[in-house]
Amino acid sequence: MHVTSRAIATNQLGPHKDVARRVTRALGHPLRKPVADHTREAFERAQAWYTQHGGAGRPLILDAGCGVGLSTRQLAAGFADHLVIGVDRSAERLSREHGEVGDNALLVRADLVDFWRLALAAGWQPVRHYLLYPNPYPKSAHLKQRWHGHPVLPVILALGGRLELRSNWRLYVEEFALALNQVTGETAAVDVFVPDEPYLTPFERKYHLSGQSLWRLVVDLPHAPQLVPGGTAEEVG
């Protein structure tokens, strides 16, 4: 079966020259963005669910930007002894019918930037953390909207665990690897990735069946709140 999916169109010829500058800024300036009320409430519900299901006594997986939650469902089925929390900002995507969510999984509508900060402040330590096919924002002017160009990057990395990023744009993964190295000193390979069926996300299926190359970065990170300017002791306002 062949599916048509447009390839990434970008005006970049290589990794963005401002990646290092954006990362330096993120490391030097605490993120002051107030937490949205709806995300604080969503996190409180997620915290209550997490606690009721064993909390720190069970390994946690975060599925960040889970879209319709297909990946969350499959991760929950594949890691039955783990707790899996999928987070997406779109109520419409999360409401689509893709079957039952396992007893060990939870779908949460929340702003990821705020949710990550609250999770770190609450001491969450995911053993696995997935960033599956984030919006690449391929125009050069939009670097600051990519996760590695965003002020929240130190929080993402500070949470720790086995972080896995997948994308159909090699430059996105290469830039993330550069930012990761700048923040943590860790070097992570950028590898071609050939997915098995069932596909983890609808995007993975679409890109693969369109004949596009997929790219992956995997790195094991310690829980390191000290990476965040101001640390977790600073109130998340």
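This report walks through the sheet, the helices packed on it and a few individual residues.

The model is predicted, so to speak of a local feature here takes a pLDDT of at least 70, side-chain atom pairs count only at pLDDT 80 or more, and totals for chains, interfaces and linings use all residues. Residues are numbered from 1 along each chain as its sequence is written, and side-chain values use heavy atoms, with hydrogens and water left out.

**The sheet**

Let's start with the strands. Helices (H or I, at least four residues) and strands (E, at least two) are DSSP runs, numbered from the N terminus. Seen that way, 7 strands make an open sheet, ordered 3-2-1-4-5-7-6, with mixed pairing. Two strands pair if DSSP finds at least two bridges between them. Strand 3 and strand 6 sit at the edges, each pairing on one side only. On average, neighbouring strands of the sheet are turned by 25 degrees against each other, direction ignored. For angles like this, axes are lines fitted to C-alpha atoms (for helices, over the stretch in contact), and angles run from 0 to 180 degrees between N-to-C directions.

Which way do strand 1 and strand 2 run? They are parallel, joined by 5 bridges, and Leu-60 stands opposite Leu-83 in strand 2. Over at strand 7 (residues 214-221), strand 5 (residues 161-167) is attached in the antiparallel sense by 7 bridges, with Gly-161 facing Leu-221 of strand 7. Strand 6 (residues 191-193) is also antiparallel to strand 7, over 3 bridges; there, Asp-191 has Arg-216 of strand 7 as its bridge partner.

**Helix 5, tucked away**

Helix 5 packs on the sheet, where it touches strand 1, strand 2, strand 3 and strand 4, and its direction makes about 145 degrees with that of strand 2. Contact means heavy atoms within 4.5 Å. Is helix 5 (residues 112-121) largely enclosed or open? Since 9 of its 10 residues are buried, helix 5 is largely enclosed by the rest of the structure. Buried means under 20% relative accessible area, exposed means over 50%, and partly exposed is in between (1.4 Å probe, protein chains only). Among the buried residues of helix 5 are Asp-114, Trp-116 and Arg-117. The cover over them includes helix 2 (37-52) and helix 6 (153-158), along with strand 1 (60-64), strand 2 (83-88), strand 3 (105-109) and strand 4 (128-132).

**Helix 7 and its partner**

Helix 7 lies across strand 4, strand 5 and strand 7, and runs at about 15 degrees to strand 7. Helix 7 (residues 170-184) also meets helix 1 (residues 19-28): their axes come within 10 Å and cross at roughly 40 degrees. That makes helix 1 oblique to helix 7; angles under 35 degrees count as roughly parallel, over 145 as roughly antiparallel, 65 to 115 as roughly perpendicular and the rest as oblique. The crossing is right-handed, which means that the near helix is turned clockwise from the far one by less than a right angle (anticlockwise would be left-handed).

On the helix 1 side, the contact is made by Val-19, Ala-20, Val-23, Thr-24 and Leu-27, and helix 7 brings Glu-175, Ala-179, Gln-182 and Val-183. By type, the contact has 6 nonpolar, 2 polar and 1 charged residue. Here Ala, Val, Leu, Ile, Met, Phe, Trp, Tyr, Cys and Pro count as nonpolar, Asp, Glu, Lys and Arg as charged, and the others, Gly among them, as polar.

**Some single residues**

Here is how a few residues score for exposure.

| Residue | Place | Relative accessibility | Class |
|---|---|---|---|
| Thr-72 | helix 3 (residues 70-78) | 0% | buried |
| Tyr-133 | loop between strand 4 and helix 6 | 7% | buried |
| Tyr-137 | loop between strand 4 and helix 6 | 21% | partly exposed |
| Val-194 | loop between strand 6 and helix 8 | 59% | exposed |

Leaving aside neighbours within four places in sequence, Thr-72 is in contact with Asp-63, Cys-66, Val-84, Gly-86, Ala-105, Leu-106 and Leu-107.

Backbone angles are worth a look too. Tyr-133 has a positive phi, near 55 degrees, without being a glycine. Tyr-137, not a glycine either, has a positive phi of about 40 degrees.

Where is Pro-198 found? Pro-198 is in the loop between strand 6 and helix 8 (202-209), and a cis peptide bond, with omega about 0 degrees, joins Glu-197 to Pro-198. As for Val-194, its C-alpha atom is separated by 8.0 Å from that of Ser-213, 19 residues apart along the chain.
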